[in-house]
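Biologist: I would like a close look at one part of this protein, but please show me the whole chain before you zoom in.

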Amino acid sequence: LAGDLLDHLLDPANLEGNPRLSDEVRRLMAVQPAASVRAAILAMRDRPSRVNVVERLDGPFQVLAGSADGLTPPDEGRALAARAPQGEFHEIQGAGHLAPLERPGDVAAHLEAFLSRVFGRGPKA
């Protein structure tokens, strides 16, 4: 499962060009207990849609999606953001489903900009 799924999780360029990342993701997947993986798959399969919650949100909503996400393609994220009254969408270039691992700087920049707009600038670290 780990080998088959990995192709859908990482951008192909990261899968080939970043062996440390792909090896670490493969390792993390391989050490998961079979019962846990099965339970997670069933939970994801059986979870109800929460689109109605997104449509009723009374505040800012941001969706980030990797440009090469093989599990939740950018068009799905774009469509979800469009359903929120204050939704916005950003596509993370050069990332798949694991954008925070593949492009941590880009993800952090989008989150920081979003949170700064919503809550204002916080104290400098």
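In what pattern do helices and strands follow each other along the protein chain? After that, take me to the largest nonpolar core: which residues make it, and which elements give two or more residues to it? Then work outward from there.

Modeller: Keep in mind that this is a predicted model. Read from start to end, the protein chain runs α-α-α-α-α-β-α-β-α-α. That makes eight helices and two strands. The C-alpha atoms fill a box of roughly 40 × 35 × 25 Å along the principal axes. The protein chain has 125 residues, and 27% of them are buried. Now look at contacts between residues 6 or more positions apart. Of these contacts, 65% join residues that are 24 or more positions apart.

Now the core. Here is the general idea. In soluble globular proteins, nonpolar side chains tend to be buried together. In this model, the largest nonpolar core has nine residues. They are A2, L6, L9, L10, L15, L21, V25, M29 and L98. Two elements each give at least two residues to this core: α1, covering 2-9, and α3, covering 19-30. There is also a second core, separate from this one. It has seven residues, including V54, F61, A81 and F89.

Go back to the largest core and pick out L9, one of its residues. Set aside residues up to four places away in sequence. L9 then touches V25, M29, L71, G96, H97, L98 and E102. Three of these contacts, V25, M29 and L98, are core members alongside L9.

Next, visit N14, a residue in helix α2, which spans residues 12-17. Is N14 buried or exposed? Its relative accessibility is 7%, so N14 counts as buried. Where does its side chain reach? It meets the backbone oxygen of G94 at 2.8 Å. Beyond four places in sequence, N14 contacts L21, G94, A95, E102 and R103. Compare that list with the one for L9: E102 appears in both. L21 is a contact of N14 and also a member of the largest core.

Stay with helix α3, since it helps build the core. This helix also carries charged pairs. D23 and R26 form a salt bridge through their side chains, with N and O 3.3 Å apart. Both sit in α3, three residues apart, which is about one turn of the helix. D23 has a relative accessible area of 45%, so it is partly exposed. R26 is partly exposed too, at 36%.

A second pair in this helix is E24 and R27. Their closest N and O atoms are 2.8 Å apart in a salt bridge. R27 and E24 are also three residues apart in α3, so about one helical turn separates them. The relative accessible area is 42% for R27, which is partly exposed. E24 is partly exposed as well, at 34%. So α3 gives residues to the core, while these four charged residues are partly exposed.

Now move outward from the core. The count for this model comes to seven salt bridges. Not every pair sits within one helix. The side chains of R83 and E55 meet in a salt bridge at 2.4 Å, N to O. R83 lies in helix α6 (residues 74-83) and E55 in helix α5 (residues 51-55), so the pair ties together parts that are 28 residues apart in sequence. R83 is partly exposed at 44% relative accessibility. E55 is partly exposed at 34%. Elsewhere, D75, R78 and E91 are joined into one network by salt bridges that share partners.

A loop deserves a stop. P73 lies between β1 (61-66) and α6, in the loop that links them. P73 is partly exposed, with a relative accessible area of 30%. The C-alpha atoms of P73 and G96 are 8.6 Å apart, though their positions lie 23 residues apart along the chain. You have met G96 already: L9 touches it.

Finish at the surface. The protein chain exposes about 8400 Å², and carbon and sulfur atoms supply 57% of that. Not every nonpolar residue is hidden. L111, L115, V118 and F119 make a nonpolar surface patch of about 380 Å². L111 has its place in helix α8, residues 104-119. With 39% relative accessibility, L111 counts as partly exposed. Set L111 against the core residues you started from: the core sits among buried residues, whereas L111 helps make a patch on the surface.

Technical notes:
Residues are numbered from 1 along each chain as its sequence is written. This is a predicted model: local features need pLDDT of at least 70, side-chain atom pairs count only at pLDDT 80 or more; totals for chains, interfaces and linings use all residues. Side-chain values use heavy atoms; hydrogens and water are left out. Patches are made of residues with over 30% relative accessible area and no salt bridge: like charges are joined within 9 Å, nonpolar side chains (Val, Leu, Ile, Met, Phe, Trp, Tyr) within 5 Å. Accessible areas come from the Shrake-Rupley method with a 1.4 Å probe; for residues, only the protein chains shown count as cover. A salt bridge is a side-chain nitrogen of Lys or Arg within 4 Å of a carboxyl oxygen of Asp or Glu. Buried means under 20% relative accessible area, exposed over 50%, partly exposed in between (1.4 Å probe, protein chains only). A nonpolar core is a set of buried Ala, Val, Leu, Ile, Met, Phe, Trp, Tyr and Cys residues joined through side-chain atoms within 4.5 Å. Contact means heavy atoms within 4.5 Å. A polar contact is a pair of N or O atoms within 3.5 Å; within protein, one must be able to donate a hydrogen and the other to accept it, and residues adjacent in sequence count only if both atoms are side-chain atoms.
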